[in-house]
Amino acid sequence: MTTPVGLASEDAAVYGYGLLLATADPGIRGAVRRELAAHRARRDAAEELWPDSPPAPVGYLAGPDTSTSPVLLAIRLESDCCEAWRSELGISEDPDRRRFCVDALTAAAIQLARWRTLVPGAPFEALPGFPPSD
């Protein structure tokens, strides 16, 4: 059995927000702490819904330098979570898992929008399932 992509994305988000917490400026440190706690709680809840899943693979972060673009990394983490939970929603048949996927996708999409307001002109990808905007 492979690790569900949603669970793996939450594990990556916990790792990524942990890195961000170490380098975040005071203006975003509270939001980073809040999101670290939220993703940790979601990861732990996902582990209960997918109890037989193997641990997520290590080494999942390669991207923006956290020291120069912490908000861009946060945007990427939330975007990856959106994509993963949407994918998981498409394959989950259990009603409790589907509900969890919808809630996780919604939380990540809301936080993605919040982070994007801090970086005008940040790279934008349409939310999963929506056509790209021109």
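This is a short talk about how helix H2 packs against two other helices, and about the cysteines.

Okay, so first off, keep in mind that we're looking at a predicted model. Two packed helices are described by the angle between their axes and the distance between the axes, and that's how I'll go through them.

Let's start with H2, residues 26-49, and H3, residues 70-91. Their axes come within 12 Å and cross at roughly 25°. That angle is under 35 degrees, so H2 counts as roughly parallel to H3. The crossing is left-handed. On the H2 side, the contact uses Ile28, Glu35, His39 and Ala46. H3 brings in Pro70, Val71, Glu78, Cys81 and Trp85. Sort those by class and you get 6 nonpolar, 1 polar and 2 charged residues.

Now, H2 with H4, which is residues 95-116. Here the axes come within 11 Å, and they cross at roughly 165°. That's over 145, so H2 is roughly antiparallel to H4. Again, we have a left-handed crossing. There's a longish list of residues here, including Ile28, Glu35 and Ala46 from H2, and Phe100, Ala104 and Trp115 from H4. The classes come out as 10 nonpolar, 1 polar and 6 charged.

Okay, cysteines. How many disulfides are there in the whole structure? The search finds 0. Take Cys81, which we just met in the H2 and H3 contact. Its closest cysteine sulfur is in Cys82, 7.4 Å away, and a disulfide needs the sulfurs within 2.5 Å, so that's too far for a bond. Cys81 is also buried, at 0% relative accessibility. Cys101 is buried too, with a relative accessible area of 0%.

Methods: Residues are numbered from 1 along each chain as its sequence is written. This is a predicted model: local features need pLDDT of at least 70, side-chain atom pairs count only at pLDDT 80 or more; totals for chains, interfaces and linings use all residues. Side-chain values use heavy atoms; hydrogens and water are left out. Axes are lines fitted to C-alpha atoms, for helices over the stretch in contact, and angles run from 0 to 180 degrees between N-to-C directions. Helices (H or I, at least four residues) and strands (E, at least two) are DSSP runs, numbered from the N terminus. Angles under 35 degrees count as roughly parallel, over 145 as roughly antiparallel, 65 to 115 as roughly perpendicular and the rest as oblique. A crossing is left-handed if the near helix is turned anticlockwise from the far one by less than a right angle, and right-handed if clockwise. Contact means heavy atoms within 4.5 Å. Ala, Val, Leu, Ile, Met, Phe, Trp, Tyr, Cys and Pro count as nonpolar, Asp, Glu, Lys and Arg as charged, and the others, Gly among them, as polar. Buried means under 20% relative accessible area, exposed over 50%, partly exposed in between (1.4 Å probe, protein chains only).
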